[in-house]
Structure formats: structure tokens, C-alpha cells
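The report that follows describes one protein chain, from its covered strands to its charged pairs. Please read it alongside the sequence and the model shown here.

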Amino acid sequence: MPRSPETVELLLTRRSAKALTMVEPGPNEEELRTILTAGARVPDHGKLAPWRFIIFRGEARAAFGAELARIHAAAQPGATAEQTGFEANRLTRAPVVVAVISRVTPGIKIPEWEQVLSAGAACQNMLVAATALGFGAQWLTEWYAFDPQVNALLGLKENEKVAGFIYLGSESVAKDERPRPVLADITSEWRPGN
């Protein structure tokens, strides 16, 4: 396998953009296909493809947001018009949003935990691919990732959960760095007799 210092540099410097600061353009059809293909090219014990993708772009973002606002207002009768409006505009924060759906096949030899981790890896690969293509990307799981009514709206089956919403767009502001863990604080080496 050839070395790729550019890939290592990307992994060491990748930083999530904020959905609130994303602007057009988002990924075009070919770029989105590349991002989704990267998402589907993760470790997948048993070749189960324990994930699937739902794309929101164009008017679909506002239509889905209207449903989020309706669900939120029903659950929070005291919500202000400003709060309801924020919910209505959740998916319009970025030009393209992809819901990554974790779908577990229970009762097989592949542990459910591995299947869930594969969906998380799909999310991470999509973030890295989007960054490599020059886009901002953010992986969010806000209240609507866990709401049963939203799950029904998405057509989720009993064995499915939202792993996250991946927001994709062009960056309008510079990203700031955040503190990272000290490697020595999170790393140990196992030795016999430990």
C-alpha cells in the first residue's frame, strides 16, 4: 500500500464545521455520491451493510423541518414562535443533510454492538470524505434523532435508529481548534501480569 501523508494530515487536522454557518454550495450529485460511497466503505463484519442513508436537499429540508416543528410544538405546548421557527429551519441550516440510519440484524453471529459501530464508522468516513472534497461537515444527533414520531416519519423499522444527521455545505467562517485529549492520558499498554 503506498503511503499517503496527505491523508494522515487530513485525519490529524479535520475539524467539524458548524451547521449554522454552512452556506451554498453543497456537494453536487457526483460529490455526494463520493461521500456516500465513502460512508458505505467501512468495516462491516458479515457484509450486512448495517446502515442506510436518507438524503435531504432542496425543498425536502423545509418540508421535513415543518414536520419537526409540528412534532416539537405538540410535545412542548409552551414553545414560543421563535422556538418553533428554529425547529422548522433545522435542516435548512446546510445545503445537504444525510440521515445515517443504523440497522441492526439481531440474533445472528455478528454482535449487535459491531453493527452499531459500523454505522458510526460510516458517519466518520462521510465527514472525512466531505472535508477532503473541500466541504464543511457536522455530525449531529439532536432531539429529533431520538424521537419516536420522527422515527416514524423517516420510516424507521423496529431494528433501526438514527446514528446521526450529517450536515454538508460550504464553510462561511474559519473553524477554531478545540482542546484535544492528551494522548498519554488516554493510552496504556497491556503487559502480562497487569
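In what follows, a residue is called buried when its relative accessible area is under 20%, exposed when that area is over 50%, and partly exposed in between, with a 1.4 Å probe and protein chains only. Helices (H or I, at least four residues) and strands (E, at least two) are DSSP runs, numbered from the N terminus. By these criteria, strand β4 (residues 136-140) is mostly covered, since 4 of its 5 residues are buried. The model is a predicted one, in which local features need pLDDT of at least 70 and side-chain atom pairs count only at pLDDT 80 or more, whereas totals for chains, interfaces and linings use all residues. Residues are numbered from 1 along each chain as its sequence is written, and side-chain values use heavy atoms, with hydrogens and water left out.

## Overall layout

The chain has 7 helices and 5 strands, and from the N terminus on these elements run α-β-α-β-α-α-β-α-β-α-β-α. Taken along the principal axes, the C-alpha atoms fill a box of roughly 60 × 45 × 35 Å. Of the 194 residues, 37% count as buried. With contact meaning heavy atoms within 4.5 Å, residues 24 or more positions apart account for 80% of the contacts that have a separation of 6 or more.

## Strand pairing

Two strands are taken to pair if DSSP finds at least two bridges between them. Strand β4 is joined to strand β5 (residues 160-171) by 5 bridges, and the two run antiparallel. Within this pairing, Gln138 stands opposite Tyr167 in β5.

## The packing of α2 on α5

Two packed helices are described by the angle between their axes and the distance between the axes. Here the axes are lines fitted to C-alpha atoms, for helices over the stretch in contact, and angles run from 0 to 180 degrees between N-to-C directions. Helix α2 (residues 29-39) and helix α5 (residues 112-132) pack at an angle of about 145°, and their axes lie 7 Å apart. The contact is made by Ile35, Leu36, Ala38 and Gly39 on the side of α2, and by Ala122, Asn125, Met126, Ala129 and Ala130 on the side of α5. If Ala, Val, Leu, Ile, Met, Phe, Trp, Tyr, Cys and Pro count as nonpolar, Asp, Glu, Lys and Arg as charged, and the others, Gly among them, as polar, the residues of this contact divide into 7 nonpolar, 2 polar and no charged.

Ala129, which lies in helix α5, counts as buried at 13% relative accessibility. Not counting residues up to four places away in sequence, Ala129 touches Ile35 and Ala38. The C-alpha atoms of Ala129 and Gly39 are separated by 8.2 Å, although the two residues are 90 apart along the chain.

## Salt bridges

Side chains of opposite charge can pair when their charged atoms come close. A salt bridge is here a side-chain nitrogen of Lys or Arg within 4 Å of a carboxyl oxygen of Asp or Glu, and the structure holds 10 of them. Three of these pairs are listed below with the separation of their closest N and O atoms.

| Pair | Closest N and O atoms |
|---|---|
| Arg15 and Asp176 | 3.9 Å |
| Glu160 and Arg52 | 2.8 Å |
| Glu177 and Arg180 | 3.0 Å |

The bridge between Glu160 and Arg52 links distant parts of the chain, with Glu160 in strand β5 and Arg52 in strand β2 (residues 51-57), 108 residues apart. Glu160 counts as buried at 6% relative accessibility. In the other two pairs, Asp176 is partly exposed with a relative accessible area of 46%, Arg180 is partly exposed at 41%, and Glu177 counts as exposed at 54%. Elsewhere, Glu87, Arg90, Arg93 and Glu142 are linked in a network of salt bridges.

Which residues does Arg15 touch, not counting residues up to four places away in sequence? They are Lys175, Asp176, Glu177, Arg178 and Arg180. Arg15 lies in the loop between α1 and β1 and counts as buried at 15% relative accessibility.

## A buried asparagine

Asn151 has its place in helix α6 (residues 148-154) and is buried, with a relative accessible area of 19%. Leaving aside neighbours within four places in sequence, Asn151 is in contact with Ala145, Leu156 and Val162.
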